[in-house]
Amino acid sequence: MTAGDNPDSLMTLATIFCLRNLRKTMCYQGFRSKLSLRSDIFLPSEICDKLVNTYMELVHTDSNFEPEESFFQLFSDPRSTRLTRVQLREDFVRDRDLEAIKRQDPIELHLTYCNSLSSRSLKTLTCFRETLVSLCLFGCSHIFYRKGGAPLACNEDTEDEDEESPASRQALETDFSFEGFNRLRLLNLGGLPDEVDAESLLRPLKSLISLDLSNVQLPGTAFLTQWKDRLASLVLYNVNLSEELISTVVELSNLRHLDVSWETRRTSKFKMSRKVLTAIVQRLVNLVSLDVSGHIMSDNCTVPHFEEAMGRPSIEPCKSSIYPFQELKRPLQFLGLYDTTLCNVTHIPAHKVTGSKNEDQVLNAIEAYTEFRPELAHRAINQLFDIARIQHCSQLLRALQLVIAALKCHKYDKSIQVTGSAALFYLTNTEYRSDQSVRLRREVIQVLLNGMEQYQEVTVQRNCCLTLCNFSIPEELEFQYSRVNQLLLKILEPGRQDESIQRIAVHLCNALVCQVANHQKEAVGKMGFVKVTRMLNLIQKKLQDRLCDQVMEFAWSALWNITDETPDNCQMFLNCRGMSLFLECLQEFPDKQELHRNMLGLLGNVAEVRALRPQLLTPQFISVFSNLLDSKADGIEVSYNACGVLSHIMFDGPEVWSMEEPLRDTVMDKMWDAIQSWDVTSRRNINYRSFEPILRLLPQSIAPVSQHWATWALFNLVSVYPSKYCPLLIKEGGVILLEKVLELDSSKPETKDMAR
């Protein structure tokens, strides 16, 4: 099994199935079309937690998943459902969703970037005060404000309150307190608004062991000492450091994890001195994890370069290149040195280090900072992009999984989407391909499509399209066939100015309709692939600009592929002025051989549909096809395709030939001459999935020239490409039909020779 190809657990598969089919599995349509849980269903916490957390993931990462308006109501009755560990994120979560589960007794409740929550949700939180052990309100910037100035004490009938109105930034909620949250041990208040007094808010929480105050402005620091005998983890990311704050922190003698990092050295006002680092190491003797990223370091922190560069890199504290860490009793489990000069030294006494010196440090940074610090993860992914582009990525599986996780976690963060999709381009190219599992590559495709859906912006679209070109098309994209086609068609809408993206999108569209089942081609046709049609609109635009470029050629090639054995799409082509555009292109670009081949290939598909052939039977079209028999463009391909179109028309017999000029016999003579002039050993620029349209022309006497063209085509293909086309000929009954050609008196001797 390839790395990263572990199958989903049965629990995960069953959960996803139930969520996609709620009405067929657990629920029924109740009053006012609300979803209700069936009365005979009782679900333990393991299943309820999995349902809610997987539901949130599907909402944010799967565009085909339809959210349910009343989903959280399913968990309103603790007698039939139990929730203990709930993780909700982004603006999608509303006040009413939390209110729906207020009778539950959760132990963990993680709300991340839930900006639609107002102080109504603070009231709901108080319902959980007796059971909550872990609470995260990271990035929930509006939860401490009232919506439209409404008071906190809301009535039960607030269901219909306008959910869309944002919380008023003026109406700060002052009545909420953590009084009674006696079991709360872990609290994350990252991004708490400046107007909220952190000290007063936290005062009732006597038993905290973990506190995250990222991006919180602290007016004072002494209040932290109330937990000096208990606190094991303290995060003060982007909190202004001072001598006073450091001296308070080092009193918290039980700390095992301390994070005093800053976003970037460019804005850092605090200089991390040798004295400060020494105090942290000496006083916090239980420390196993420390993050001092983003700070300016004083020069005297490290041993001289010539001294520290000696010997192999070591994590032993006694050999540390950073003086203060020589006093550690054992190496740290984690040390954050991202965006500091310290990450570049040789001997760092830690098992896991974040920084930018090498691939390992960069991957550690992506892993450590993705969830709560997208601004740092974005920079680290950018550095990974450079490693994959310029050097070689040695931890490919880990790198891919981390970038995928970042793109999933921050679907709404444009900078992550830009850098992540760019990194994936290099991480999925040919060099790394053999190491990647089917499952992993599918995950890459899905996050790319998420990005394309979310951002119609040039850079994201280009990165995603280019990365999709690293995949085997259509095989690897078939599991998202309709979705990827819709996204590409959006790029091809008239008015999209970026030529480079259009070129890639047309190329992808063309590759997607090559070698796929007919029902998929029809599905694409119904999407408007041919109907409106984007391709013909593109061709029209290029004609107006008098420009025959790759976009023009790819557009005709895509139409050729999508009309192959798909009559509905052929009909759409004719309905949308396709033949007029064909004639205009022929006239405007008489020397473009590749263009002529693609156009004639497409018309060959149209000619295979008996009901559509009368539309080709006009003096103008027949004269054009007849003249193209003499073409030497692209070897024999243009002449061959023109002859194919005429062969199907001749197959309908002389009675349908209602025109006086050109004469049917004259055209047939030209066809004979053309076929005789072709080299039967020609290597071909063509790909047949089926011989059925050609075999149709064999056992008949109404048009011997059509029979001759069909026999020549088969003879050429099976003799030049025997391993590919002999099995196809046998499989489709071609041998029997060729034997019948030999029996017919009307078959010409040359035809019989080839048939034999």
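Cys 469 is partly exposed, at 31% relative accessibility; on this scale, buried means under 20% relative accessible area, exposed over 50%, and partly exposed in between, with a 1.4 Å probe and protein chains only. The model before you is predicted: local features need pLDDT of at least 70, side-chain atom pairs count only at pLDDT 80 or more, and totals for chains, interfaces and linings use all residues. Residues are numbered from 1 along each chain as its sequence is written, and side-chain values use heavy atoms, with hydrogens and water left out.

Let me stay with the cysteines. The structure holds 0 disulfides, where a disulfide is a pair of cysteine sulfur atoms within 2.5 Å. Cys 469 is in no disulfide, and the nearest cysteine sulfur, that of Cys 465, is 7.1 Å away. Cys 409 is likewise in no disulfide; its nearest cysteine sulfur belongs to Cys 136, at 11 Å. Cys 409 is buried, with a relative accessible area of 15%.

I turn now to the overall form. The protein has 32 helices and 16 strands; these are DSSP runs, numbered from the N terminus, with helices (H or I) of at least four residues and strands (E) of at least two. Why is the protein described as more spread out than a compact globule? Its radius of gyration is 35 Å, well over the 27 Å that the globule rule gives for 756 residues, and therefore it is the more spread out of the two. The radius is taken over C-alpha atoms, and the rule is 2.2 Å times the number of residues to the power 0.38. Along the principal axes, the C-alpha atoms fill a box of roughly 105 × 75 × 45 Å.

Buried residues make up 57% of the 756 residues. A contact means heavy atoms within 4.5 Å. Among contacts with a separation of 6 or more, 69% are between residues 24 or more positions apart. The exposed area is about 32700 Å², and carbon and sulfur atoms supply 50% of it; areas come from the Shrake-Rupley method with a 1.4 Å probe, and for residues only the protein chains shown count as cover.

As to charge, there are 82 positive and 96 negative side chains, and the centres of the two sets lie 3 Å apart. Lys and Arg count as positive, Asp and Glu as negative, while His and the chain ends are not counted. Each charge is placed at NZ of Lys, CZ of Arg, CG of Asp or CD of Glu.

Next, two buried positions and their surroundings. Met 272 lies in strand E12 and is buried, at 0% relative accessibility. Leaving aside residues up to four places away in sequence, Met 272 touches several residues, including Leu 241, Val 260, Leu 277 and His 295. The C-alpha atoms of Met 272 and His 295 are 6.3 Å apart, although 23 residues separate them along the chain. Leu 277 is also one of the buried residues of helix H8 (residues 274-283), with Val 276, Thr 278, Ile 280 and Val 281. What do the buried residues of H8 pack against? They pack against helix H7 (243-249) and the strands E11 (257-259), E12 (271-272) and E13 (289-291).

The second position is Val 506, in helix H18 (residues 499-512), which is buried with a relative accessible area of 0%. Beyond residues up to four places away in sequence, Val 506 touches Leu 492, Met 535, Leu 538, Val 551, Phe 554 and Ala 555. By contrast with those contacts, the C-alpha atom of Thr 370, 136 residues away along the chain, is separated from that of Val 506 by 34 Å.

Finally, the backbone. Most residues other than glycine have a negative phi, and most peptide bonds are trans. The peptide bond from Ile 473 to Pro 474 is cis, with omega near 10°; Pro 474 is in the loop between helix H16 (458-468) and helix H17 (481-491). Glu 661 and Pro 662 are also joined by a cis bond, with omega about -10°, and Pro 662 sits in the loop between helix H26 (637-650) and helix H27 (664-677).

Two residues have a positive phi without being glycine. For Asp 339, phi is near 55°; this residue is in the loop between strand E15 (332-336) and strand E16 (350-354). For Arg 546, phi is about 55°, and its place is in the loop between helix H20 (534-544) and helix H21 (550-562). Are these residues buried or exposed? Asp 339 is buried, with a relative accessible area of 15%, whereas Arg 546 is exposed, at 61%.
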